[in-house]
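Here are some notes to read alongside the structure, written for someone meeting it for the first time. Please keep the model open while you go through the points.

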Amino acid sequence: MEQPVRTFSVMQYMTSIKNKLADTPAVWVHGVITRLTDKGKVVYISIADFEEGNVKPIATVDLTCFAGQYAILRAKTENSATPFTIREQLKVCFQIKADVYIPSGKLQAKILDIDPVYTLGELALTRMAILKRLASEGLLEKNKQTELAQMPLRVGLITGESTAAYKDFTTRLSASPFKFTVVTAYAKMQGNDTESSVIAALNALRKDEEIDVVCIVRGGGAKTDLNYFDSEALCRAVANYPIPVFTGIGHEIDKSLLDEVAYLSCITPTDCAKRLVERAQESWTDLVETARSIASSARDMLTENRQRLSSAAARLQQDVTLRIQGEKTKIVRMFTSLERDTRFMLREETARLDRNVEGLRQGTRKILDLAQSQFKLTELRVKSADPETALAKGYTLTLDSSGKFIRNAAQLKSGDTLRTKFRDGTVESVVQ
């Protein structure tokens, strides 16, 4: 007869596994935190392994940590030589002990301890790698090469809403003698949203083309918050920003990567505002000195020009006096010469008129005698051309019946009546 197969309830099976796991030693396991959920009494954390270039985890383990133990772990990391906060995307090395959660049958190891040195090494390597990439691309100096306005009076401010940093910064600017205008873009200044929030604020301020400088400030919170400003994406956004970016993140000793790429790194928000006031004051002082220099140069120039004008006026007065005297002398000479020439011309013209009067008197008589001679000659010519004169000399005139002179025989035909005029009478005849 077969022996009955022994069976176990689920509770018995899971309890057996839990007991077996209790006998396993605690081990150190490293990975990247992919989930961190604080439920008050218990904190749930998942860590995973990744292949390079692949964002999908190749292995994941879920961990739990009671609130009291988690507080101890946090104190250990935040009080280390280089403080940091346990957060997602951080590489960590936990000491864990295998365990199983019986109600769900889920493997859920317990966190017993953390190795800060491992994380600090990874953070340092990551920070160094980012810094090296930024340096190789020339991004550490790029924003420093932008031109800062002489009077940066329109200021873009990125900070937390209703924070002491905002008050300290704006109070320092308001206390200055200059009229600063602050355009604020609020952002998360700690936690996982720091990167995306600050980049969004930078993009928002970029739309205002009148802004002279952007300041990213936050107060002096926990030193662990400094890690959020080692973001490569945030560093690139600041390095490539078209105008100067000041940082005043509130840490006097440590510098974040964001401080490295900024135009100017200040230790506090107040110091950041102070630097802007100093810039404005220096520009104002330079402006005043320049104005004084211009005024002094203008006074010197005016004095020199007055002297030159006085000298020129004296020379001009002397030249004018000499010129007037010379012109007077010339006028006197011209007047004397004109008077002499006028008398000479009057004498010459009087003599010429006298000659013309005598010539006119003599000429008139000669003209009349000549005209009389010409008239007598014309009279003789007229008399000699008179037919009567020709008739008196024995010549005759032959006329036709109409009274026309007959000059040649061709004018006559047989039967024509002719009249021949003699000095003492007229005879008619007929052509045969």
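1. Two strands count as paired if DSSP finds at least two bridges between them. The model discussed here is a predicted one, and leucine 397 in this model stands opposite lysine 421, a residue of β14.

2. That pairing can be followed along the strands, since β13 and β14, the latter made of residues 417-422, are joined in the antiparallel sense over three bridges. They belong to an open sheet of three strands, whose order is β13-β14-β15 and whose pairing is antiparallel. The edge strands are β13 (397-399) and β15 (425-430), each of which pairs on one side only. On average, and with direction ignored, neighbouring strands of this sheet are turned by 25° against each other.

3. Turning to the interior, the largest nonpolar core has 28 residues, and among those with the most contacts inside it are Ile158, Val198, Leu202 and Val214. Several elements each supply at least two residues of this core, including α3 (116-136), α6 (194-206) and β10 (213-217). With five residues, α6 gives the most to this core. In soluble globular proteins, nonpolar side chains tend to be buried together.

4. Which residues does valine 198 touch, not counting residues up to four places away in sequence? The contacts of valine 198 are with Ile158, Ala187, Lys188, Met189, Ile216 and Leu234.

5. A second core, separate from the one just described, has 18 residues, and Leu157, Phe180, Phe246 and Leu276 are included in it.

Conventions:
Residues are numbered from 1 along each chain as its sequence is written. This is a predicted model: local features need pLDDT of at least 70, side-chain atom pairs count only at pLDDT 80 or more; totals for chains, interfaces and linings use all residues. Side-chain values use heavy atoms; hydrogens and water are left out. A nonpolar core is a set of buried Ala, Val, Leu, Ile, Met, Phe, Trp, Tyr and Cys residues joined through side-chain atoms within 4.5 Å. Buried means under 20% relative accessible area, exposed over 50%, partly exposed in between (1.4 Å probe, protein chains only). Helices (H or I, at least four residues) and strands (E, at least two) are DSSP runs, numbered from the N terminus. Contact means heavy atoms within 4.5 Å. Axes are lines fitted to C-alpha atoms, for helices over the stretch in contact, and angles run from 0 to 180 degrees between N-to-C directions.
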